[in-house]
Amino acid sequence: MSTQQLACTYAALILSENHKSDAASLLAVTKAAGVDVSVGMAHAFSAALATVGVESALKNISFGAGAAPAGGAAPVAASSGAAAPAPPPPRRTAPEEDDDEMGFGLFD
């Protein structure tokens, strides 16, 4: 993302409280922040914000598909009638060898 795009995004977030998304407001905020944004970039963001409201976009943000439900409640299992799959068998690990069997000790 370019500096101009990032500046317009932040400006749109700032202006969302006042329900302003016109290009002049975006340019005023970015100019006050010390970022030079082209008029075309501001108009492009203004046009995009006219079709998608910032408030609605912020309300629909999802941070990952596996997010836990609020309150710590466990998700409800689907009732498809099928039994839950059996857990995998425990892993067998190789027995550790003693140092005595190797023919040398720690201080030999």
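These notes cover the core, the helix H2, two positive phi angles and a nonpolar surface patch in a predicted model.

1. Core membership. The largest nonpolar core has 14 residues. Those touching the most other members are Cys 8, Ala 12, Leu 26, Val 37, Met 41, Phe 45 and Leu 49. Two or more residues come from each of H1, H2 and H3. H1 is the main contributor, with 5 residues. As background, nonpolar side chains in soluble globular proteins tend to be buried together.

2. Contacts of Phe 45. Leaving aside residues up to four places away in sequence, Phe 45 touches Gln 5, Cys 8, Thr 9 and Leu 26. Of these partners, Cys 8 and Leu 26 are also listed, like Phe 45 itself, among the core residues that touch the most other members.

3. The buried face of H2. Helix H2 spans residues 23-32, and its buried residues are Ala 23, Ser 25, Leu 26, Val 29 and Thr 30. Viewed down the axis of H2, these buried residues fall within an arc of 165°, so they line one face of the helix. Their cover includes H1 and helix H3 (39-51). Leu 26 belongs both to this buried set and to the nonpolar core.

4. The other side of H2. Here Ala 24, Lys 31 and Ala 32 are exposed. Two of the names on that side are alanines, Ala 24 and Ala 32, while Ala 23 is on the buried list.

5. Positive phi angles. Gly 34, just after H2, takes a positive phi of about 85°. His 19 also has a positive phi, of about 55°, although it is not a glycine. A reader checking the backbone may ask where His 19 is found. His 19 sits in the loop between H1 and H2. With a relative accessible area of 65%, His 19 is exposed, because the cut-off for that class is over 50%.

6. Nonpolar surface patch. Met 1, Leu 6, Tyr 10, Leu 13, Leu 58 and Ile 61 make a nonpolar surface patch of about 610 Å². Helix H1 (residues 3-15) supplies the largest share of the patch, 3 residues. H1 thus appears in two settings: it gives the most to the core, and it gives the largest share of this patch.

7. Leu 58 in the patch. Leu 58 lies in helix H4, residues 54-59. Is Leu 58 buried, partly exposed or exposed? Its relative accessibility is 45%, so Leu 58 counts as partly exposed. The value is over the 30% needed for a patch residue.

Notes:
Residues numbered from 1 in each chain as written. Predicted model: local features only at pLDDT ≥ 70, side-chain atom pairs only at ≥ 80, totals over all residues. Heavy atoms only, no water. Patch = residues over 30% accessible without salt bridge, like charges linked within 9 Å, V, L, I, M, F, W, Y side chains within 5 Å. Areas by Shrake-Rupley, 256 points an atom, 1.4 Å probe, with all protein chains shown as cover. Salt bridge = Lys/Arg side-chain N within 4 Å of Asp/Glu carboxyl O. Helix = DSSP H or I, 4+ residues; strand = E, 2+ residues; numbered from the N terminus. Buried < 20%, exposed > 50% of the residue type's maximum accessible area, 1.4 Å probe, protein only. Arc of directions from axis to C-beta. Contact = heavy atoms within 4.5 Å. Core = buried A, V, L, I, M, F, W, Y, C linked by side-chain atoms within 4.5 Å.
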